[in-house]
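Okay, thanks for making time, everyone. I'd like to walk you through a structure that's probably new to you, so let's get it up on the screen.

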Amino acid sequence: MENEIRPPRRYKRSKLPKLVRWIFGLIVLSYFFWRLYTVFIVQNEYTPDIWVRLLISGLVIGGVYSLIAIGYTLVYGILRMINFAHGEVMMIGTFAGYFVFEATNAIRFTSSTGEITSLSNAQPFLSILLAFIVGMTVAATFGFLLEKIAYRPLRKAPRLIPLISAIGASIFLQNLAQLLFSPLVRDYKNPDLIARGQGWAITVAGARLTIPYTGVLTFSLSIILMFALYTMVRKSKLGKSMRAVAADKSTAALMGIDVNGVISQTFIISGMLAGAAGVMWGLHNGLVYYYVGFMPGIKAFTSAVLGGIGNIPGAMLGGMLLGLIESIGPTALGISYQLKDVLAFVILIIILIFRPSGILGEVLSEEKV
Amino acid sequence: MNKNLVSPSLKRGLTFGIVMIIFVLIDLDVMVATMLSKLFGANVIRGSLPDVRFMVLFLILFGMFVGWSTSSDDAKPTTKLFQALVAGLTLGVVLGLFDLILNQLIVTGTDVRKYLAALAPESIRLFLFDQGAISPLLHLGLFTVASLLGSLMKILLKSESASRFFKGVKSGYQGLKAKAQANTPNWVKKYGKFLLFLLIGLLAFFLPRIWGSYNNYVVGLVGLYVILGIGLNIIVGLSGQLMLGFAAFFAMGAYSVALLNAPLPHGIMLGFWPSLLIGILMAVVAAVLLGLPVMGMRGDYLAIVTLGFGEIIRILLKSDLLTSFTGGPRGIQDIRGPTLFGQPFSSDIDYTYIILVVMVLSIIIYKRLERSRTGRAWLAVKEDTKVAQATGVNIMTNKLLALCLGAAFAGLAGGIFAARNQFTGPNDHQLMVSMNILSILIVGGVNSIPGIILGAFTLKGLPEILREIENYRLLVFGGLLVVMMISRPEGLWPATRPNIEKDEGNKLKEDGAPGEGGLND
């Protein structure tokens, strides 16, 4: 009897996770609806201008998130890995921009009218352009080095190994910045032309509110960059080879595409976008410190997943949506503004549970590994 | 000499030059020099700088390392020396140029600490050996000679006669060992292990009484992290789910003990032991609530979701929303410690005992689990989900069970942690805690108990003992994670595969069975 072979237990797919999933979803949804109902119908104390103000700030933040999210999406599409250190690349861009503004602010001369001005105020466009160029270049360099040092040797490793390497790189870069520049929170020195808090005054429903100059700069620049990137990926030769490598690395190599080169260029491009986003973040929010990249990085990843990771229009859409949700959400739900990060994470979890492929679907990664 | 020889050495020298410049910018050179001087018994007062000799020593060691690593293994001795010469010269030139800038800063008296926080004038002087304008030349000479020395060392140590010498030593040692084994009396063989455990037990009983409260604190910390590491290892190492929000379960345990045992905000004062049980239970409940909806998620998505979960818990603990319930950002103070047979049992010695006992229990539980049917099912799920499913392993139950058990360990450690510190707050449960525990696993070796202990000691114990490296701990962590993943993904003390086949009487022998350690998706 003891040698009798036990028949394998019949495998029954449990319905429990699905049930719990739906109960979880229902609870969250009904909570949202209840809060929305309370805020809009029962209390109804907000005037339209408040919503417009939140909309504007949401679009600005959304633009920054979109730019960073594109970096996540590009890398994920090609290497199927989450570049966890991408937020730190953005942080480096923010610091680079900070130093440019410090430098241009330190160069002082007497202008033709006889006042002493700094270079950043005398030539604001030049200094802003310089900040963006330096920020993008430095961030792109770090993106390139990151791939070369931390990811390239792990190209053939199981999927979790590069993720851990990326986490290590993220911790390393954060602490390097902390040791180099001290944990101090520093102020961005904007040129007077786009000083923080200044803006065009408009009137909405009888109430006056301002559209900040930095916000306009951030939003329009991010739209331009996104458009440029989209055209590049669609039309240029590099974009074509990027898509080819994303579809199938070995076949792309057989077609004469330099796979390593394309991957390097992808990291450079995503680093440039992150650097630009970093300078925008500094100009708009005005604070720079070693931890500045972490939260935007996680949020941008959330946006990339929200739109469908691997999908470039999805990343743009997801970034904008997340920016709007984050700025309007706490007020609309009537919860404390402290909890906006919780809101973002809850949305991330819900998306991953119910629609892991995101709103527009994963375009670049068809095979589910 | 051809170009293929020069260019890699040049690159090496340049890279190491940049590394050294970063060292100087973050004041790491002074830290290493301080540690070297302590190693040689010099008494360095905290905040003062070490003697310049030790800076020279550090730079020589660095240069020797450069020479050692630049000379390629299969080259002729002259080639090796040439490579080292090129690398050393490049390194010297790079640092010489850097020295000129530094010297300029000293001469003009510019203080750059507003931007580069660590670059104090005293540290710069120390790095330049206080020689001013001739220090670039000194550095150039020093690095060239040191690099050549390193290369020479490699030539000597890796030479034919040297390797024969080492082989001779090794075989002699093995012969001695075999002889000793043959001569061991039977009773030692039989009870040796038992005696060893007895000795360790006696040491564990008496040492905490002798070596003072600071050592107790360090040992307790390492012990707690071993427990946490074992818990996370069940989730990551055995069942293969990458979890980045482990601190959330830790927080569950800590807050349960804190809320039930502190005068504020509730003043329930339930007592330590029952609240510890409740803490474990709360952690398990949290694991079920998190686990059920996210089961079956892809590996990297699961990592991010658990990260989000950990952050949600931390932000909620910190937020105004729960301030009246959890004490908000200020945390909970004056947590009452445990009692034993009516006597207070909460001196630092007692906590060391508690932690050591719990640690040993955890190790035993882990060992039993690993060899059990469930443990093997976990490994099967980790290695190949589809095959495991086809052979009748219930994926969901097993994964969830792993999550719950891991969470239980975290709750346990969290409860003891809160009571030992008599305080817990949101900052005790940051993302960094989760990352630290994961790093312990990866640095030590996944699925290996000695590895976890080694990892916990390296990452939590050493920084406590060597206070100088406190500031650089996380930097080294991050770098270490990357380097480990590239060069040694199985960890410092990799696991050996338990001989399950033999235990089961199964004659199936696999050639080249997949490695146990490491992380597979």
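So let's begin with the outside of chain B, which exposes about 25100 Å², with 67% of that supplied by carbon and sulfur atoms. Please keep in mind that we're looking at a predicted model.

What's chain B built from? It has 21 helices and 4 strands. Its C-alpha trace spans about 70 × 65 × 50 Å along the principal axes. There are 521 residues in the chain, and 50% of them count as buried. And if you take the contacts in chain B with a separation of 6 or more, 75% of them are between residues 24 or more positions apart.

A quick word on charge. Chain B carries 44 positive side chains and 31 negative ones, and the centres of those two sets sit 7 Å apart.

Now let's zoom in on one residue, B:Ser9. You'll find B:Ser9 in helix 1 of chain B, which covers residues 3-25. Is B:Ser9 buried or exposed? Buried, because its relative accessibility is 2%, and the cut-off for buried is under 20%. Who does it touch? Setting aside neighbours within four places in sequence, B:Ser9 is in contact with B:Thr70, B:Gln83, B:Val86 and B:Ala87.

Helix 1 comes back when we look at the open spaces. The largest pocket has a volume of about 2100 Å³, and 46 residues line it. Which ones lie nearest its centre? Those are A:Ile149, A:Phe172 and A:Leu176 from chain A, plus B:Val19 and B:Ile22 from chain B. As for the helices, chain A brings helix 3 (86-106), helix 5 (124-151) and helix 6 (160-181), while chain B brings helix 1, helix 2 (28-39), helix 3 (52-70) and helix 20 (473-487), each with at least two residues in the lining.

Last stop, the closed spaces. How many cavities of 30 Å³ or more are there? The count comes to 5, and the largest cavity holds about 90 Å³ of space. Helix 3 and helix 11 (294-307) of chain A, along with helix 12 (299-318) of chain B, are the elements giving two or more residues to the lining of that largest cavity. Helix 11 of chain A has the largest share, at 4 residues. If you want to click on some of the lining, try A:Tyr72, A:Phe84, A:Glu88 and A:Phe301, among others, and from chain B, B:Ile304 and B:Leu307.

That's my tour, thanks for listening!

Note on methods. Residues numbered from 1 in each chain as written. Chains lettered and ligands numbered in written order. Predicted model: local features only at pLDDT ≥ 70, side-chain atom pairs only at ≥ 80, totals over all residues. Heavy atoms only, no water. Buried < 20%, exposed > 50% of the residue type's maximum accessible area, 1.4 Å probe, protein only. Contact = heavy atoms within 4.5 Å. Areas by Shrake-Rupley, 256 points an atom, 1.4 Å probe, with all protein chains shown as cover. Lys, Arg positive; Asp, Glu negative; His and termini not counted. Charge placed at Lys NZ, Arg CZ, Asp CG, Glu CD. 1 Å grid on protein atoms, 1.4 Å probe; cavity = no way out; pocket = protein on both sides within 12 Å on 5 of 7 lines; lining within 4 Å. Points joined across faces, edges and corners; volume = space filled by probe spheres on them.
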